[in-house]
Amino acid sequence: SRTITRNILRVAAALFLLLGSVTVYKLLTVSPGDLFQKHYTSYTLNTTRGEEATSPLELAYHNNSWSEVSTQYEAKVSKTNKDHFLGAMASMELKRYQQAIERFNEVLNNNARTGDNYFEDEAEYSLALAYIPDDKVEEAAPLLKRISAEDGHLYQQKAKDITGDDLKILELK
């Protein structure tokens, strides 16, 4: 009976030590940059067959010429939500996260003013992602949680994939 109890305590202690080691390892290795890289994918601009890019900004985006997209974006006097969104995505590619955050917010603010939802889901999800490498996890987390709870959101599943243990660890850091 004592031998069984002693063996159970040894196994429990070993499991506790293993779990503690894994937890410490996770706490030390999870970083905003890694979480961002794990979940970020470039946005592909859809085109209809036979349709040409309608602006120099879109053409630069199609060619993955991120600096040129930014140049074209800055040169435009009157910008659409598509322009703001593509400019923001180019900023993401160039690792200019604060600039991307500002441009995604332009999309969301325009939609709030007009009652439209053009590029709304894309901008919300991408904004949440842009906050992460910019060390603004406290702003990304509630947005990702809201998206993951919103049925019909284009990025609901992607947001659910992010709102796991790694995000919780970053919120604690």
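## Exercises on a predicted model

Lys-95 counts as exposed, with a relative accessibility of 53%. The model is predicted.

**Exercise 1.** State where Lys-95 lies and what is notable about its phi.

Solution.
- Step 1: Lys-95 sits in the loop between H5 and helix H6 (97-114).
- Step 2: Its phi is positive, about 65 degrees, although Lys-95 is not a glycine.
- Step 3: Most residues other than glycine have a negative phi.

**Exercise 2.** Decide whether Phe-119 is buried or exposed, and describe its backbone.

Solution.
- Step 1: Phe-119 lies in the loop between H6 and helix H7 (120-131).
- Step 2: The phi of Phe-119 is positive, about 65 degrees, although this residue is not a glycine.
- Step 3: The relative accessible area of Phe-119 is 8%. Buried means under 20%, so Phe-119 is buried.

**Exercise 3.** Work out which parts of the chain the salt bridge between Lys-82 and Glu-58 ties together.

Solution.
- Step 1: The side chains of Lys-82 and Glu-58 meet in a salt bridge, at 3.3 Å from N to O.
- Step 2: Lys-82 belongs to helix H5 (residues 81-93) and Glu-58 to helix H3 (residues 56-62), so the pair ties together parts that are 24 residues apart in sequence.
- Step 3: Lys-82 is buried, with a relative accessible area of 18%. Glu-58 is also buried, at 7%.

**Exercise 4.** Name the residues linked with Arg-146 in a network of salt bridges, and give the accessibility of Arg-146 and Glu-150.

Solution.
- Step 1: The network of salt bridges links Glu-124, Arg-146 and Glu-150.
- Step 2: Within it, the side chains of Glu-150 and Arg-146 meet at 3.0 Å, N to O.
- Step 3: Glu-150 has a relative accessibility of 29% and counts as partly exposed. Arg-146, at 37%, counts as partly exposed too.

**Exercise 5.** State how many salt bridges the structure holds, and describe the one that Asp-134 forms.

Solution.
- Step 1: There are eight salt bridges in the structure.
- Step 2: Asp-134 forms one of them with Lys-136, and the closest N and O atoms are 3.2 Å apart.
- Step 3: Asp-134 is partly exposed, with a relative accessible area of 24%.

**Exercise 6.** Locate Ser-65 and give its separation from Arg-2.

Solution.
- Step 1: Ser-65 is in the loop between H3 and helix H4 (66-75).
- Step 2: Its relative accessible area is 29%, and Ser-65 is partly exposed.
- Step 3: Ser-65 and Arg-2 are 63 residues apart along the chain, and 71 Å separates their C-alpha atoms.

How values were computed
Residues numbered from 1 in each chain as written. Predicted model: local features only at pLDDT ≥ 70, side-chain atom pairs only at ≥ 80, totals over all residues. Heavy atoms only, no water. Salt bridge = Lys/Arg side-chain N within 4 Å of Asp/Glu carboxyl O. Helix = DSSP H or I, 4+ residues; strand = E, 2+ residues; numbered from the N terminus. Buried < 20%, exposed > 50% of the residue type's maximum accessible area, 1.4 Å probe, protein only.
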